[in-house]
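Work through these exercises with the sequence and the model side by side. Try each task before reading its solution.

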Amino acid sequence: MRRSFFCSHRTLFPRSPESYSPRGRMAPKTSIAEFRELVNKSNRILAVCGAGLSAASGLPTFRGAGGLWRNHEPTSLARPEAFADDPALVWLFYAWRKHMALRANPNRGHYALAKLAMKKDNFLCLTQNVDGLSVRAGHPDSKLRLLHGSILDLECFNKCGYIDRLNLNDPPCPALAAASEDYPPDQTMPLLDPNVPTPKIKVQDLPHCPECKTGLLRPVLCGLDDAMLKGIDDWIEQGPIDLMLEIGTSATVFPAAGYMHEAQNRGAVVAVVNPDPDSAGGLMPDDFFFQGSAAEVLPQLFEGVIGKTDENGDTAPN
Ligand SMILES: [Zn+2]
């Protein structure tokens with residue numbers, strides 16, 4: 001199947017809120033006990049996660065009004081053209097997001113998914129999040145696909161092939177120190193104030209590729225990798241899917257929206273975990289909707305398989 005190679009925000013398969021009436025006969029199930037039974041007996045499980053999974057970790061989502069960074073659209077800054085045009089500005093944005101991601105900790109939702117992945121052989125988790133929190137929660141690499149890349153992975157912008165995974169340098173280099181400063185909650189960080197000029201940074205002081213020595217390094221974001229997409233397609237095409245989890249995402253961003261549709265076509269029961277009731281639109285009577293934060297809800301939903309989860313994400317068998 002053909003996919004776009006760039007993150008876009010096209011709505012592919014919109015669910016209309018009108019198609020779901022909480023009191024109507026089309027209302028999805030909400031029973032945790034019934035859902036636990038389904039998880040127990042499910043073999044092939046596909047999960048798609050979005051910003052809502054990391055919300056309880058305190059990370060900004062850049063969605064909706066006000067989702068700008070210094071008057072720039074984050075999706076525009078992610079474009080290669082923006083990096084080529086002003087690498088220092090784009091690096092300041094990335095360095096700030098990396099600092100935020102490293103300062104945050106995985107929440108109980110990340111740990112619950114990681115534990116489920118360890119227990120279920122045929123579980124594949126696709127995340128739209130670039131914060132690296134699923135990786136830090138110990139989610140097995142073989143069962144996790146980073147649809148939009150990771151702020152912690154760096155690649156050579158010259159495409160020489162160099163890649164540095166799980167780079168934890170914060171700041172990424174001394175010239176970007178302004179992006180890693182912490183301010184009290186009542187104070188605006190100067191970097192986030194569009195009226196304060198950004199620090200002057202020379203291109204030669206930005207992180208460079210140690211391999212070809214000429215290319216700039218840049219986080220691996222947004223560019224959808226052919227081999228990864230083929231691997232996901234292969235997994236989906238292996239057979240029927242028992243359960244599709246839609247966690248903290250409105251799933252309107254390509255390619256996540258397409259995967260949800262494909263799982264439904266392969267017979268999956270869909271379970272939506274989201275604080276927003278509109279996200280349940282279009283669910284069928286055999287589907288499930290759990291309104292709430294992924295950090296609260298997921299440990300309860302998976303308890304039958306992973307045991308009870310404590311605040312640190314540690315589990316004890318039932
Ligand atoms: Zn290079």
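The exercises below go from model confidence to annotated sites, strands and cores.

**Exercise 1. Confidence**

Task: State the average pLDDT of the protein, and find where pLDDT stays under 50.

Solution. Start with the whole chain. This is a predicted model. The protein averages a pLDDT of 87, and 86% of the residues score at least 70. Next, look for the weak stretch. Over residues 1-25, pLDDT stays under 50. The model has 41 contacts beyond four places in sequence for these residues.

**Exercise 2. The annotated histidine**

Task: Locate His148 and decide whether this residue is buried or exposed.

Solution. Begin with the record. An unreviewed UniProt entry lists His148 under "active site". Then place the residue. His148 sits in the loop between β3 (144-146) and β4 (149-156). Now count neighbours. There are 20 other C-beta atoms within 10 Å of His148. A residue counts as buried at 20 or more. Therefore His148 is buried.

**Exercise 3. Four cysteines**

Task: Cys156, Cys160, Cys209 and Cys212 share the annotation "binding site" in an unreviewed UniProt entry. Determine how they are arranged in space, then examine Cys160 and Cys212.

Solution. First, compare sequence with space. The four cysteines are spread over 57 residues of sequence, yet they cluster: the largest C-alpha distance is 8.8 Å.

Second, take Cys160. This residue lies in the loop between β4 and β5 (163-164). Cys160 has 14 C-beta neighbours inside 10 Å, so it counts as partly exposed. Leaving out residues up to four places away in sequence, Cys160 touches Cys209, Glu211, Cys212 and Gly215.

Third, take Cys212. Its place is the loop between β5 and β6 (217-221). Cys212 is partly exposed because 13 other C-beta atoms lie within 10 Å. With the same sequence neighbours left out, the contacts of Cys212 are Cys156, Asn158, Cys160 and Tyr162.

**Exercise 4. Strand β4**

Task: Which strands pair with β4, and in what sense?

Solution. Check β6. β4 and β6 pair in the antiparallel sense over five bridges. Ser150 stands opposite Val220 in β6. Then check β5. Here β4 pairs in the antiparallel sense over two bridges. Leu154 has Asp164 in β5 as its bridge partner. The hairpin of β4 and β5 has six residues between the strands, and in it Lys159 takes a positive phi near 60°. Finally, check burial. Six of the eight residues of β4 are buried, so the strand is largely enclosed by the rest of the structure.

**Exercise 5. A long-range pair**

Task: How far apart are Met284 and Pro28, in sequence and in space?

Solution. Place Met284 in the loop between β8 (269-274) and β9 (288-291). Met284 is partly exposed, with 13 other C-beta atoms within 10 Å. Now compare the separations. Met284 and Pro28 are 256 residues apart in sequence, but 5.8 Å apart in space, C-alpha to C-alpha.

**Exercise 6. Nonpolar cores**

Task: Which residues of the largest nonpolar core touch the most other members?

Solution. The core has 52 residues; Leu46, Ala47, Cys125, Met244 and Ala271 touch the most other members. Helix α6 (residues 108-119) gives the largest share, six residues. Another core, of 25 residues, lies apart from it, with Phe83, Val90, Phe93 and Trp96 among its members. As background, nonpolar side chains tend to be buried together in soluble globular proteins.

Technical notes:
Residues are numbered from 1 along each chain as its sequence is written. This is a predicted model: local features need pLDDT of at least 70, side-chain atom pairs count only at pLDDT 80 or more; totals for chains, interfaces and linings use all residues. pLDDT is the predictor's confidence in each residue, from 0 to 100. Two residues are in contact if their C-beta atoms, placed from the backbone, lie within 7 Å. UniProt positions are given in the numbering used here, feature names are shortened, and annotations may be inferred rather than shown by experiment. Helices (H or I, at least four residues) and strands (E, at least two) are DSSP runs, numbered from the N terminus. A residue is buried if 20 or more other C-beta atoms lie within 10 Å of its own, exposed if 12 or fewer, and partly exposed in between; C-beta atoms are placed from the backbone. Two strands pair if DSSP finds at least two bridges between them. A nonpolar core is a set of buried Ala, Val, Leu, Ile, Met, Phe, Trp, Tyr and Cys residues joined through C-beta atoms within 7 Å.
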